[in-house]
Amino acid sequence: VQLQASGGGLVQPGGSLRLSCAASGSIGSIGNMGWYRQAPGKQRELVATIAGDGSTSYADSVKGRFTISRDNAKNTVYLQMNGLKPEDTAVYYCNARVRRRGWVLYNEYWGQGTQVTVSS
């Protein structure tokens with residue numbers, strides 16, 4: 001199972017970006033999916049999560065600005081980021097709990113990270 005993230009880049013303050021993360025491989029089912037970020041010199045932090053039933057949760061710092069969604073048919077999770085601020089600058093990582101086809105238990109997988117830089 002692999003997670004491939006894309007959509008990062010350089011954007012001015014107040015701008016928008018949309019991140020995507022597609023899971024591929026021998027997938028039976030996917031549980032929770034989420035986005036984390038890590039700024040230079042800081043620990044990785046949770047940004048947003050979405051459960052299989054579509055329920056979501058967000059870090060306080062991004063509430064009202066970021067929206068997480070998923071397309072179960074495409075095994076893909078998205079993060080729409082609006083009103084970006086310089087403090088949102090970080091490497092963004094996607095995360096998913098995946099049950100491989102024929103397996104019983106879920107394992108946790110990470111994408112490779114995509115850089116988001118907010119600067120004028």
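These exercises walk through one predicted protein model, each with a worked solution.

Residues are numbered from 1 along each chain as its sequence is written. The model is predicted, so local features need pLDDT of at least 70 and side-chain atom pairs count only at pLDDT 80 or more, while totals for chains, interfaces and linings use all residues; side-chain values use heavy atoms, with hydrogens and water left out.

**Exercise 1. The whole chain**

Task: State how many helices and strands the chain has, and describe its overall size.

Solution:
- Start with the count. The chain has zero helices and eleven strands. Helices (H or I, at least four residues) and strands (E, at least two) are DSSP runs, numbered from the N terminus.
- Next, compactness. The radius of gyration is 14 Å, close to the 14 Å of the globule rule for 120 residues, so the chain is as compact as a globular protein of that length. The radius is taken over C-alpha atoms, and the rule is 2.2 Å times the number of residues to the power 0.38.
- Then the extent. The C-alpha trace spans about 50 × 25 × 25 Å along its principal axes.
- Now burial. Of the 120 residues, 40% count as buried. Buried means under 20% relative accessible area, exposed over 50%, and partly exposed in between (1.4 Å probe, protein chains only).
- Last, the contacts. Take those with a separation of 6 or more: 56% of them come from residues 24 or more positions apart. Contact means heavy atoms within 4.5 Å.

**Exercise 2. The four-stranded sheet**

Task: Give the strand order of the open sheet and find its edges.

Solution:
- Read the order. Four strands form the open sheet as E1-E3-E8-E7, with antiparallel pairing. Two strands pair if DSSP finds at least two bridges between them.
- Find the edges. Strand E1 (2-6) and strand E7 (66-71) each have a single partner strand, so one side of each is left without a neighbour in the sheet.
- Add the twist. From one strand to the next it averages 15°. Axes here are lines fitted to C-alpha atoms, and angles run from 0 to 180 degrees between N-to-C directions.
- Count bridges. E1 and E3 pair over five bridges, and Leu3 stands opposite Ala23 in E3. Six bridges join E3 (residues 17-24) to E8 (residues 76-81). There, Ala22 has Thr76 as its bridge partner.

**Exercise 3. Two faces of E1**

Task: Sort the side chains of E1 by face, and say which are buried.

Solution:
- Recall the rule. In a regular strand the side chains alternate between the two faces of the sheet.
- Apply it. Leu3 and Ala5 point to one face and are buried. Gln2, Gln4 and Ser6 point to the other and are not buried.

**Exercise 4. Hairpins and positive phi**

Task: Locate the glycines with positive phi in the hairpins of E4 with E5 and of E5 with E6.

Solution:
- Take E4 and E5. Five bridges join E4 (residues 27-38) to E5 (residues 45-50), running antiparallel. Trp35 stands opposite Ala48 in E5. Six residues lie between the strands, and Gly41 takes a positive phi near 80°.
- Take E5 and E6. They pair antiparallel over three bridges. Ile50 stands opposite Thr56 in E6. Five residues lie between these strands, and Gly54 in the turn has a positive phi of about 95°.
- Compare a residue other than glycine. Asn75 has a positive phi near 50°. Asn75 lies in the loop between E7 and E8. At 24% relative accessibility, Asn75 counts as partly exposed.

**Exercise 5. Two charged residues**

Task: For Arg65 and Glu108, give the place, the exposure and the polar partner.

Solution:
- Place Arg65. It sits in the loop between strand E6 (56-58) and E7.
- Check exposure. Arg65 has a relative accessible area of 14%, so it is buried.
- Find the partner. The side chains of Arg65 and Asp88 make a polar contact of 2.7 Å. A polar contact is a pair of N or O atoms within 3.5 Å; within protein, one must be able to donate a hydrogen and the other to accept it, and residues adjacent in sequence count only if both atoms are side-chain atoms.
- List neighbours. Beyond four places in sequence, the contacts of Arg65 include Gln80, Met81 and Leu84.
- Turn to Glu108. Glu108 is in strand E10 (residues 106-110). Its relative accessibility is 44%, so Glu108 counts as partly exposed.
- Find its partner. The side chain of Glu108 makes a polar contact of 3.0 Å with the side chain of Asn95. Beyond four places in sequence, Glu108 is in contact with Asn95, Ala96 and Arg97.
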